[in-house]
Amino acid sequence: MDALKDLHSEETERAALGCMLLDRGAAALGKTMLQAEDFYAPMYRMIFEAMQGVEEIDAVTVMNELARRGEAERIGLDRIAGIALGISTSVYLHSYIDDLKRLAYLRRVVRTAQEMAQAAYRQDIGGIDRSMAAMRGDGWGSAEIVTLADATEKHIREIAALRESGKKIVGLPTGFTDLDLMLGGLRNGDFCILAARPSMGKSALALDIAKHAQKSLTEQADRVVFFSLEMPDKSLGNRGYTSEFLIDNDRFAVGANDAAWQETLRGVAENRADYESGAGRMSSETRRGRRWRR
């Protein structure tokens, strides 16, 4: 571990813990953004792990948690109190967290480089590839800072390319022209919320949008999944079918006359191929966890 001794700051680790002991907001922020591995010093790592184990953080609750873990005598109440009294404001916690995350990332780089060197000596190509893949997926080192000017320029280039291609929208179509023009279709990274009062048609509209999105997918293996915590699969199937082929819902009523029912059965058989190639490729998951494909 000697190679890592310069890649840590006990002062920063101590200051971050002091901020968390100072007020609730800082405690919540620290517990959310920091991990135990971000602390190099074993003593400070133990204190942080104790903080993770309590709901309300202060010197007493942390000390009690350390005692429960059998680490209280090693740390001592005086040390916890000294950490708390050594900080007068938590305003710099964001800066401390960023510094700790950066140093932890650099330590991971060193460890990974050591693992890659050992794998190279063993002529273990797979081990080298795994180490490289682990670093490519590292959450801190892979972050990219983009200026507003760069982001705007990128967006303009995308719009220019879209206009030249003749397409009207970027994402998958919803089936509603005005909505597509407003949203640009259903695009990767967007989170769209459909909200209204009960019984206003939210499920029906969402199902229509899902069906139209499914029809625009070109790969046979592509699927749109509709999750419902309210409606069973048979109700979704009924809605999907009647909407797709413009059939009245009362055709599926038990009290419908025999002639209409026989006509419905014939229609279902005739339309099955079209339904399977379009909306029926959409999968549905209900609150019972069952999946169907039509």
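I began at the end of helix α4 and noted that Gly-70, which follows α4, has a positive phi near 75 degrees. I record here that the model is predicted.

**Helix α4**

I then looked up the start of the helix, which spans residues 59-68. Asp-58 caps the N-terminal end of α4, with a side-chain oxygen 3.0 Å from the backbone nitrogen of Val-60.

Which residues of α4 are buried? I found Val-62, Met-63, Glu-65 and Leu-66 to be buried. Because these residues cover an arc of only 160 degrees around the axis, I place them on the same side of α4. I listed Val-60, Asn-64 and Arg-68 as exposed residues on the face turned away from that buried side. For the packing partners of the buried residues, I noted α1 (10-22), α3 (42-52), α5 (72-75) and α6 (77-85).

**Asp-38**

I next located Asp-38 in the loop between α2 (24-33) and α3. Is Asp-38 buried or exposed? I entered Asp-38 as buried, since its relative accessible area is 2%, below the 20% cut-off. A polar atom of the Asp-38 side chain lies 2.8 Å from the backbone nitrogen of Gln-35. Leaving aside residues up to four places away in sequence, I recorded that Asp-38 touches Glu-13, Met-33, Leu-100, Lys-101, Ala-104 and Arg-107.

**Cysteines**

I searched the whole structure for disulfides and found zero. I noted Cys-19 as buried, at 0% relative accessibility. For Cys-192, I entered a relative accessible area of 47%, which makes this residue partly exposed.

Technical notes
Residues are numbered from 1 along each chain as its sequence is written. This is a predicted model: local features need pLDDT of at least 70, side-chain atom pairs count only at pLDDT 80 or more; totals for chains, interfaces and linings use all residues. Side-chain values use heavy atoms; hydrogens and water are left out. A disulfide is a pair of cysteine sulfur atoms within 2.5 Å. Buried means under 20% relative accessible area, exposed over 50%, partly exposed in between (1.4 Å probe, protein chains only). Helices (H or I, at least four residues) and strands (E, at least two) are DSSP runs, numbered from the N terminus. The arc is that of the directions from the helix axis to the C-beta atoms. Contact means heavy atoms within 4.5 Å. A polar contact is a pair of N or O atoms within 3.5 Å; within protein, one must be able to donate a hydrogen and the other to accept it, and residues adjacent in sequence count only if both atoms are side-chain atoms.
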